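Dear colleague,

I am passing on to you the structure shown below, together with an account of what was found in it. Please read the notes alongside the sequence and the model.

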Amino acid sequence: MVGHSSRVRLRLAQCPWTDRRCIFVRAGTLACASRGIQVRLQGHHAHAAHPEDGLSPILTMAELLKALELINSDSHDDVYMVTVTYAQLGAAPNYGIAPGEAVVQATLRTTTDASMMQLVAEVEEAVAVVCRGTKVEASISYSDIFHAVENTQAGAELVQKACAHVSELEQPMRWSEDFGLILQACGEGAFFLLGAGERPGLHTEGYDFNDELIKPGVASFLALVKARHSSRA
């Protein structure tokens, strides 16, 4: 149980595709680390009638897209993946200009923060390899950086003992949450999930928040508050 002198941070989210109104939690990673990467490939454009006068990044872009997909084919026991989310060749749609620039954006996703650093290094090496000997220059930037949500053992046990209908989550969720940084900064705590049943997931066209989950969600927090205060009495 969490020490009497410490504070515990708790957060709840609804989770589609899981048993309705059941609570799910696990010690260790509950939600993955992720970050967005943008790779800009810079050559120089030319008239479409004379593409040889320019430096097109088209082949470099194609090789990069292939390299990123090959990372996903590697064997990993945990989540370790690259999802290309956007790619653009040239500044705008046209028929008169041979492209001189390209952009590739992707999401990197891993089970732990340590494996994220390994994936970042692997992707950056892939960018360097595809650009080598081409005269195409690459620049890399990152955004939307999320740390893995690492539940503490004590935080997960508090949820398991205080809430009703609790099941242990077998695998970490692939999505990310900013609560991971809060847990790193504040110590003890847990992120737990409330089953929403067979419903469309977040960021899908048919998603709709299930208002019926509000009452059991509040009841879970009340049970946690009572359990926490009784342990400190």
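In which helix does F221 lie? The answer is helix α5. Please bear in mind throughout that this is a predicted model.

**F221 and helix α5**

F221 counts as partly exposed, because its relative accessibility is 32%, and the range for that class runs between 20% and 50%. Setting aside residues within four places in sequence, F221 is in contact with L10, R11, L12 and F192. One of these, L12, is 209 residues away from F221 along the chain, yet the two C-alpha atoms are separated by 8.6 Å.

Helix α5 covers residues 214-232 and also contains L222. Together with F209, I214 and V218, L222 makes a nonpolar surface patch of about 360 Å².

**R11 and its salt bridges**

R11, one of the contacts of F221, leads to the charged pairs. As general background, side chains of opposite charge can pair when their charged atoms come close. The structure holds 3 salt bridges.

R11 meets E177 in one of them, with a distance of 3.3 Å from N to O. R11 belongs to strand β1 (residues 9-15) and E177 to the loop between β11 (166-168) and α4, so this pair ties together parts that are 166 residues apart in sequence.

R11 also forms a salt bridge with D178, where the closest N and O atoms are 2.8 Å apart. This pair likewise links distant parts of the chain, since D178 sits in the loop between β11 and α4 and R11 in strand β1, 167 residues apart. R11, E177 and D178 are thus linked in a network of salt bridges.

The three residues can also be described by their accessibility. E177 counts as buried, with a relative accessibility of 19%; the cut-off for buried is under 20%. R11 is partly exposed, with a relative accessible area of 28%, and D178 is partly exposed, with 43%.

A further salt bridge joins E125 and R132, whose closest N and O atoms are 3.9 Å apart. E125 counts as partly exposed at 42% relative accessibility, whereas R132, at 56%, counts as exposed.

**I182 and helix α4**

I182 is found in helix α4, which spans residues 179-186. With a relative accessibility of 35%, I182 counts as partly exposed. Residues up to four places away in sequence apart, I182 touches R9 and G187. For I182 and A126, the separation is 56 residues in sequence and 32 Å in space, taken from C-alpha to C-alpha.

**The nonpolar cores**

The largest nonpolar core has 24 residues, and those with the most contacts inside it are V82, L108 and V123. At least two residues of this core come from each of β4 (33-42), α1 (58-72), β6 (80-89), β8 (101-110) and α2 (113-131). The largest share, 7 residues, is supplied by α2.

Which residues surround V82, beyond its neighbours within four places in sequence? V82 is in contact with L68, I71, N72, A106, T107, L108, L119 and V123. L108 and V123 therefore appear in both accounts: they are contacts of V82, and they are named with V82 among the residues with the most contacts inside the core.

There is also a second, separate core of 14 residues, which includes V8, A156, A162 and L224.

**Strand β8 and its partners**

Why can β8 be described as largely enclosed by the rest of the structure? The reason is that 8 of the 10 residues of β8 are buried.

Strand β8 pairs with β4 in the antiparallel sense, over 10 bridges. Within this strand, V103 is the bridge partner of R40. Strand β8 also runs antiparallel to β6, to which 9 bridges join it. Here M81 stands opposite R109 of β8.

With kind regards

Methods: Residues numbered from 1 in each chain as written. Predicted model: local features only at pLDDT ≥ 70, side-chain atom pairs only at ≥ 80, totals over all residues. Heavy atoms only, no water. Core = buried A, V, L, I, M, F, W, Y, C linked by side-chain atoms within 4.5 Å. Buried < 20%, exposed > 50% of the residue type's maximum accessible area, 1.4 Å probe, protein only. Helix = DSSP H or I, 4+ residues; strand = E, 2+ residues; numbered from the N terminus. Contact = heavy atoms within 4.5 Å. Patch = residues over 30% accessible without salt bridge, like charges linked within 9 Å, V, L, I, M, F, W, Y side chains within 5 Å. Areas by Shrake-Rupley, 256 points an atom, 1.4 Å probe, with all protein chains shown as cover. Salt bridge = Lys/Arg side-chain N within 4 Å of Asp/Glu carboxyl O. Pairing = 2+ DSSP bridges.
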